[in-house]
Amino acid sequence: MEDALTIHRLHFAFTVTFHYIFPQLTMGLALLIFILKSLALRTGNEIWNDSARFWAKIFGISFALGVVTGIPMEFQFGTNWSQFSKSAGGVIGQTLAMEGVFSFFLESSFLGLFLFGEKRLGPRLHWVSSMMMFLGSWLSGYLIVLTDAWMQHPVGYHLAANGSYELNSFWALLLNPWGLWQYAHTMLGAVQTGCFTMAAVGAYYILSKQHDAFGRIFVRVGVTVGIIAACLQLFPTGDGQGKMMAQYQRPTLAAMEGLFQTQAGAPIAILGQPDVPKQRLDNPLTIPSALSFLTYQKWTATVQGLDQFPQSEWPDNIALLYFSYHIMVGLGTIFIAILALAALQLFRGKLFQSPILLWALMLSLPLPFIANTAGWITAEVGRQPWLIYGMMRTRAGVSPLVSAGSAWFTLLGFLGMYTILGMLFLFLVYREIEHGPGPDNSSAALATATAAAAD
Amino acid sequence: MGTIWFCLVAIMIAGYVVLDGFDIGVGILHLYLARTDDERRVLIRSIGPVWDANEVWLLAAGGTLYFAFPALYAASFSGFYLPLMMVLWLLILRGVSLEFRSHVGGHIWSVFWDAVFSLASILLAIFFGAALGNVARGVPLNAAGNFFEPLWTNFQPTGQTGILDWYTTLIGVTALAVLALHGAAWLTWRTTDDLRDRAHAAASLLWWLVAALTIIVTFTSFRLMPFGLLSFRVHPFGFIFPMLAIAGLLAVKLFLRTGQEAAAFAASCAYIVGMLTSVTFTLYPNVLPATTGLANNLTVANAKAADYGLKIGLVWWLIGMTLVAIYTTFTYTRFAGKIRPSDPDDHASY
């Protein structure tokens with residue numbers, strides 16, 4: 001049983017991690033494409049439309065992969081976690097079904113219209129369809145984050161006689177305070193993925209001296225929206241999420257920070273490796289009293305360490321939790337630094353003459369994907385050993401009759417298939433980027449080539 | 001409240017089969033009907049703007065099932081673990097082949113994705129049919145409401161059953177024929193010239209196959225599951241469902257002959273809805289019959305979620321599905337009309 005549990009957890013972890021590469025990009029790009037379309041409608045300048053069309057292609061590839069890798073997620077609640085689904089389906093089935101009925105239909109209908117219907121719809125309706133796509137994908141994000149938020153912080157339910165969870169307040173479920181913070185934090189992360197992707201492609205075009213006008217637009221939009229998102233990511237949303245944890249998931253907070261002993265004026269660890277058996281942080285680099293201040297706004301406040309909680313309530317992989325949290329926060333800080341510098345130079349009109357910053361923007365492309373993934377690992381590993389925090393242990397939720405062998409079989413199947421999908425995705429996106437934006441790509445490419453030859 | 005949601009889930013599933021059914025049908029016939037690259041692009045363009053939304057019906061139906069009947073969702077999804085995972089892989093392959101096919105020019109690339117698209121569509125139709133066969137036949141539920149079926153055992157529909165036995169395979173083949181006919185009717189309606197004529201000829205031929213299989217399936221089903229007739233005896237109004245199927249099937253033939261293409265497609269929809277509702281009607285009040293004794297049957301009453309949630313759900317479901325109806329209608333009217341090879345591509349990559 002223990003063996004099967006591990007495989008089922010790995011199964012979900014792998015498929016959801018791979019899946020989330022795509023929604024974070026499409027949710028971010030959906031906002032940016034909507035902004036590009038709005039600017040096109042407002043200025044009447046075709047370059048904004050050309051930009052939107054270019055990003056719509058990358059959006060389309062990512063969206064398709066997001067959809068096909070998303071379907072297994074909804075199925076897995078039943079296939080691999082049937083005991084959990086049976087008990088909690090009456091509550092989280094609400095948000096999952098609403099996601100299907102409200103947002104998936106909205107997204108997919110208007111994506112079809114957006115990709116296929118520019119000529120049939122005309123500029124105004126085409127703009128509307130970009131807005132609907134944006135709304136659909138962001139609504140979808142809300143409902144799925146709420147589903148997770150209920151597992152992190154269950155609200156609006158009571159336990160029935162047969163042990164299943166019954167909803168007793170729809171609005172409590174829908175306005176779960178944990179969910180509101182988590183949603184804001186998640187979406188800002190997705191926006192940064194979109195912004196960095198757009199800015200990185202723009203920087204690449206400027207540095208490689210092709211599609212320069214588009215490159216400048218991409219960098220400008222990416223950096224401008226990105227710096228706003230990066231700041232809001234830290235405060236208030238990151239801070240709000242942290243306070244939620246301080247209130248409801250104290251063992252998790254202590255493990256994230258690598259705080260083994262309870263202390264007044266607790267420090268924040270910047271670096272260091274948790275040594276769980278010895279219950280200490282090796283090679284620590286800390287800021288004294290900072291954790292107390294951030295958590296309770298008092299430099300001398302006492303923060304509970306892991307020693308305050310029985311080991312049975314400790315997250316079961318403290319090292320992974322500690323590192324993923326630190327990677328997320330570290331990268332988030334780097335994003336603020338890069339984007340703030342880039343925004344400053346953009347404001348002064350010097351960004352496009354600053355190769356170092358452009359290089360930094362270009363090379364940052366993979367980082368927001370890593371940061372978002374690390375953030376979700378923090379949330380989900382942090383929830384352990386609970387499936388529903390404080391209520392249901394992870395081991396209690398697994399499908400009792402699906403053997404480790406069956407789970408291995410399908411896990412390997414997904415590993416193989418997703419490896420190939422990942423390679424295809426990179427190949428196709430690379431092709432679109434090489435192909436470049438513009439009204440007529442072939443002639444534009446030819447013009448660039450001729451210009452290059454003339455140089 | 002349970003019965004209302006039983007009907008709503010049935011509607012969602014029927015909606016899925018009717019809508020995604022025609023684009024799966026197009027996939028089944030893809031390699032056979034469309035001979036040149038231009039024709040294949042027309043075929044794919046006929047479903048391009050809608051297949052994704054059609055597939056959402058599966059997600060929405062799954063979500064609705066999850067929320068309204070958690071115990072059924074948990075039992076069936078974990079019990080049908082292996083075939084469902086394969087369905088997922090097929091859906092992935094089918095989705096990416098549609099999306100990727102047109103991104104790279106070049107013969108080898110598109111030939112490969114065409115084959116993947118068609119093969120995945122064929123297998124999906126068979127798997128979905130076999131799944132329906134399993135639900136109708138019943139599964140070895142234990143007292144805790146769980147089961148696990150291997151892919152096959154000795155191919156007998158009694159005793160230690162597997163996902164595939166001769167009965168469920170028969171239903172799978174029937175589903176393949178029905179969806180192929182459905183796809184052919186769609187293409188007859190939406191394409192022109194040679195392609196339309198070939199689709200029309202295929203539809204006329206497939207009709208005979210579907211008619212024969214319908215008769216065989218009906219008789220074997222009642223032979224294996226004689227209690228299915230009981231529902232009709234208790235609620236005679238239920239005859240309306242098989243009548244709808246028969247009328248739909250006959251109308252398909254009639255309209256194909258008179259060349260009323262849209263009507264033929266609509267009749268094919270009616271036939272599918274009639275067949276599915278007949279099956280669900282004979283199941284009621286069971287949602288998943290057990291082969292291990294009546295006491296283990298999952299029923300509307302013992303599988304449903306609590307009433308409070310179901311009542312709230314009714315409100316948002318009605319609002320949500322009204323919206324869905326509005327934008328589905330909008331999409332289909334925007335993309336109405338025949339698709340010609342000479343039409344300009346709106347979307348550069350298709």
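Student: Where do I start with chain A: what share of its 455 residues counts as buried?
Tutor: In this predicted model, 53% of the 455 residues of chain A count as buried. The chain has 14 helices and eight strands.

Student: And how do I read its radius of gyration?
Tutor: Set it against the value for a compact globule: with 455 residues that would be near 23 Å, and chain A has 23 Å, which agrees. Its C-alpha trace spans about 70 × 50 × 40 Å along the principal axes. As for contacts with a separation of 6 or more, 72% of them in chain A are between residues 24 or more positions apart.

Student: Next, the two chains. How many residues does each bring to the contact?
Tutor: People often give the size of an interface as the accessible area lost when the parts come together. Here we can count residues instead: 57 from chain A and 55 from chain B.

Student: Which element of chain A gives the largest share of the side that touches chain B?
Tutor: That's α3(A), with 23 residues. Others that supply at least two residues each include α2 (46-79), α4 (118-152) and α13 (404-435) of chain A. By class, this side of chain A has 29 nonpolar, 19 polar and nine charged residues.

Student: How do α2(A) and α13(A) run relative to each other, roughly parallel or roughly antiparallel?
Tutor: Look at the angle between the axes; over 145 degrees counts as roughly antiparallel. These two pack at about 170°, with their axes 10 Å apart, so α2(A) and α13(A) are roughly antiparallel.

Student: Which residues of α2(A) make that contact?
Tutor: A general point helps: an α-helix has 3.6 residues a turn, so residues three or four places apart point the same way. On α2(A) you'll find A:K57, A:I58, A:I61 and A:L65, facing A:L421, A:F425, A:L428, A:V429 and A:E432 of α13(A). Seven of the contact residues are nonpolar, none polar and two charged.

Student: What about odd backbone geometry?
Tutor: Most residues other than glycine have a negative phi, and most peptide bonds are trans. Now the exceptions. A cis bond joins A:F235 and A:P236, with omega about 5°, and A:P236 is in helix α7 (residues 212-248) of chain A. Another cis bond joins A:Q384 and A:P385, at about 0°; A:P385 sits in the loop between α12 (367-383) and β7 (386-388).

Student: Is A:Q297, with its positive phi, buried or exposed?
Tutor: A:Q297 is exposed, with 9 other C-beta atoms within 10 Å. Its phi is about 60°, and it lies in the loop between α9 (290-296) and β6 (302-303) of chain A.

Note on methods:
Residues are numbered from 1 along each chain as its sequence is written. Chains are lettered from A and ligands numbered from 1 in the order in which they are written. This is a predicted model: local features need pLDDT of at least 70, side-chain atom pairs count only at pLDDT 80 or more; totals for chains, interfaces and linings use all residues. Helices (H or I, at least four residues) and strands (E, at least two) are DSSP runs, numbered from the N terminus. The radius of gyration is taken over C-alpha atoms; the globule rule is 2.2 Å times the number of residues to the power 0.38. A residue is buried if 20 or more other C-beta atoms lie within 10 Å of its own, exposed if 12 or fewer, and partly exposed in between; C-beta atoms are placed from the backbone. Two residues are in contact if their C-beta atoms, placed from the backbone, lie within 7 Å. Ala, Val, Leu, Ile, Met, Phe, Trp, Tyr, Cys and Pro count as nonpolar, Asp, Glu, Lys and Arg as charged, and the others, Gly among them, as polar. Axes are lines fitted to C-alpha atoms, for helices over the stretch in contact, and angles run from 0 to 180 degrees between N-to-C directions. Angles under 35 degrees count as roughly parallel, over 145 as roughly antiparallel, 65 to 115 as roughly perpendicular and the rest as oblique.
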